[in-house]
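Biologist: I am new to this structure and should be grateful for a close look at a single part of it. Would you please take chain A and describe how its parts meet one another and how it meets its partner chain?

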Amino acid sequence: MSDVGAGPAVPVLREPAHRVSPRAIGFWTVSALLGDAAVVVAALVAWLVVPDVPGWAGLVVLLLGLLAAAHVVLMPRIRYRVHRWEVTDTAVHTRAGWLGRESRIAPLSRVQTVDSRQGALMRVFGLASITVTTASAAGPITVDCLDAATAREVVARLTAITSATAGDAT
Amino acid sequence: MIPAPGEGWARLDPRKLLLDPVKAIGQAIVPVVVAVVGISRSDTRFWPLVLPLVVLGPIILGALPWLTTHYRITDSQIQVRSGVLNKRTSTAPLDRVRSVDLEASLLHRVLGLQKVQVGTGVDDDRITLDALARADAHALRTTLLRRRETTDVRPTDLDPAEPHAPVAPSAPASVLLARIDWSWLRFAPFSLARLVLLAGAVGVVAQFGDDLPIWNQETATSAWEWVTQFALVAVALALAVGGLALWLVVSVTGYVVQWWGFRLVREHGSLHLSSGLFTTRSITVEEAKVRGVEMVEPVLLRVVGGAEMSTLATGVEDGVTQVLPPCPREVAVGVGGAVLGETGALTAPLVAHGPRAHRRAWFRQLRTALEVLVAAAVAWWFADLSWAWFAALAVALPVVAAAVGEASYRHLGHALLDRHLVAGGGTLARVRTVLETDGIIGWVVSQSWWQRRIGLADLTATTAAGTERVLVRDVRLEVAVALADRATPGMLTPFVEQGA
């Protein structure tokens, strides 16, 4: 590329150490299926019920169905490969996304609250999410779909570390 | 007199006894008149009953707050006690006092009073003393701010390297950073913030527009058609000139009313702003809480060399405080440099984001233009509009989009100084955000699918100050990581590898 490099040694953000629970694939598949099925069925019903639809409308519905199927099959698998997390003694680092990527880093000295959340469907899969917030509205870090037991350990550890830090974290 | 520390409870100023009845009468005048008229019509027997009520009501209502509100300053706290039936005591530790704002409405000013609001920066709950004599209010502010200065022992807040940090406790009384210069009035018409007001007024006028004969269809189609056609042009011209004149008057008046007597002063470790022709505002922001500044040059204002300046602070309800009126760019740069304690942050050249970011800036605007065009095409398809409009739109939109894209790329950039991160952005307005690197409490590196194709990323520094984020848009991924790593040494270290 024509751009000038930043120097001989280019710092690269390495990926966080841990993957989320493998059961997350199942969870993401089911939630995507529920969401997509609603849209596809609605489109299908509209296509069947509305009289005198033009010929290409059927193609649109078919395309929608194919896209939904691809989404349900591919998205959870790509997500599982992208989603990663790591908590060191000083900071928390996550990576998320499937088409896009988002890496978040916050030092534990600036963490204000540690929440965990488990929806009904997540409970079926034995998963839980952790959200770490800082004093910035732009800074919350969420680790989605951890194994429920792991999530409990991580919350306990984070709480222990952050409560030991003084200051008002701003 | 304000109470000295340790003394007993003090009352608000006795002139409060006048303030509240006048206010109460002002608010209650309509219902009272209605009631009096109604009663006087029906029966005159109630007069001896009603009259004392009407006269005494406001007086009692006005006297109650004065009788029941007390405040005092102890060695460590300011306490305010109020309420008739529900007694309420608000306290704030003196070393937590972050801001002391003074405000005076026209009525306050006639009576020589001022409303004092003490902010602790913890939440939105502020202690309000309405009202004190002007001299007492100022004395209270000085006492509270100076006290905080001497009790503030946190070493991080007293950075000896900071050349502008006042040295407690023998701080210089006050340093004037800026005051109103009426030649700045030339910027008023170029600042469009007040345009909303004018748009409202135009809307009202348009209501009556229907009644004007020139819009009458019959007149237009009559034999006098060519005359009215000519008249339409004249009317359009007159409207344009009239609108411009109206805008001049509204914008200049607004500027004068808002910024009359504007002064920005640094004292007791705080920035202190006061201004206003009718209602005087007095805002105090603690400098230790100011994490950066934002300079905005809206497109019109930039043409005439003007700029606006805000501070980004933590622990204030609204973290962004405008501290300068629209003024010459050099003034904004000077004041910004003084506030930051690092000159050059607002003038330093920015690192450009390269040709790929350039393409993306164009692409982003062209995509928006395309979306509008598609919407227009659909509208044209259904609404059966004329070809000419659509064609004109199809030519004009991409040109405008390209111009806006080019402008937004020119504004794009970043820089890292000794203690500050600088981000350039904005599409039409040029925005330069400067954030103290100590105020950065986390990083977000995000890439959309499009950005991943070309190796760009959006880098967001999260902070508790201002709008709580500073965005460096469309920067190369490796530059983003290097920038974050250098801005906050150590924060990224566990997660960074030195690549080839």
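Modeller: The account below begins inside chain A and then turns to its interface with chain B. The model is a predicted one, and the values that follow are computed from it.

The domain assignment divides chain A into domain 1, residues 19–80, and domain 2, residues 85–163. The C-alpha centres of domain 1 of chain A and domain 2 of chain A are 29 Å apart. Contact between them involves 14 residues of domain 1 of chain A and 12 residues of domain 2 of chain A. Together, domain 1 of chain A and domain 2 of chain A bury about 1200 Å², with 72% of it on carbon and sulfur atoms. On the side of domain 1 of chain A, the residues that lose the most area to domain 2 of chain A are Arg23(A), Phe27(A) and Arg79(A), which together account for 44% of what that side buries.

Arg23(A) also takes part in a salt bridge, its side chain meeting that of Asp147(A) at 2.6 Å, N to O. Across the interface of domain 1 of chain A and domain 2 of chain A, the rule finds 1 salt bridge. Between domain 1 of chain A and domain 2 of chain A there are also 5 residue pairs in polar contact, both residues being at pLDDT 80 or more. As for the elements involved, α1 (23–49) and α2 (56–82) of chain A each give at least two residues to the side of domain 1 of chain A that touches domain 2 of chain A. The largest share of that side is supplied by α1(A), with 7 residues. By class, the side of domain 1 of chain A that touches domain 2 of chain A has 7 nonpolar, 4 polar and 3 charged residues.

The interface with the partner chain comes next. Here 36 residues of chain A are in contact with 35 residues of chain B. Chain A and chain B bury about 3100 Å² between them, 56% of which lies on carbon and sulfur atoms. The rule finds 0 salt bridges across the interface of chain A and chain B, but 11 residue pairs in polar contact, both at pLDDT 80 or more. On the side of chain A that touches chain B, two or more residues each come from β1 (10–13), β4 (91–96) and β5 (101–107) of chain A. Of these, β5(A) gives the most, with 7 residues. That side of chain A comprises 17 nonpolar, 11 polar and 8 charged residues.

Strand β5(A) also pairs with strand β18 (residues 440–447) of chain B, in the antiparallel sense and over 5 bridges. Within this pairing, Arg101(A) has Gln447(B) of β18(B) as its bridge partner.

Terms used. Residues are numbered from 1 along each chain as its sequence is written. Chains are lettered from A and ligands numbered from 1 in the order in which they are written. This is a predicted model: local features need pLDDT of at least 70, side-chain atom pairs count only at pLDDT 80 or more; totals for chains, interfaces and linings use all residues. Side-chain values use heavy atoms; hydrogens and water are left out. Contact means heavy atoms within 4.5 Å. Buried area is the accessible area (1.4 Å probe) that two parts lose on being put together, summed over both. A salt bridge is a side-chain nitrogen of Lys or Arg within 4 Å of a carboxyl oxygen of Asp or Glu. A polar contact is a pair of N or O atoms within 3.5 Å; within protein, one must be able to donate a hydrogen and the other to accept it, and residues adjacent in sequence count only if both atoms are side-chain atoms. Helices (H or I, at least four residues) and strands (E, at least two) are DSSP runs, numbered from the N terminus. Ala, Val, Leu, Ile, Met, Phe, Trp, Tyr, Cys and Pro count as nonpolar, Asp, Glu, Lys and Arg as charged, and the others, Gly among them, as polar. Two strands pair if DSSP finds at least two bridges between them. Domain bounds come from an automatic or database domain assignment.
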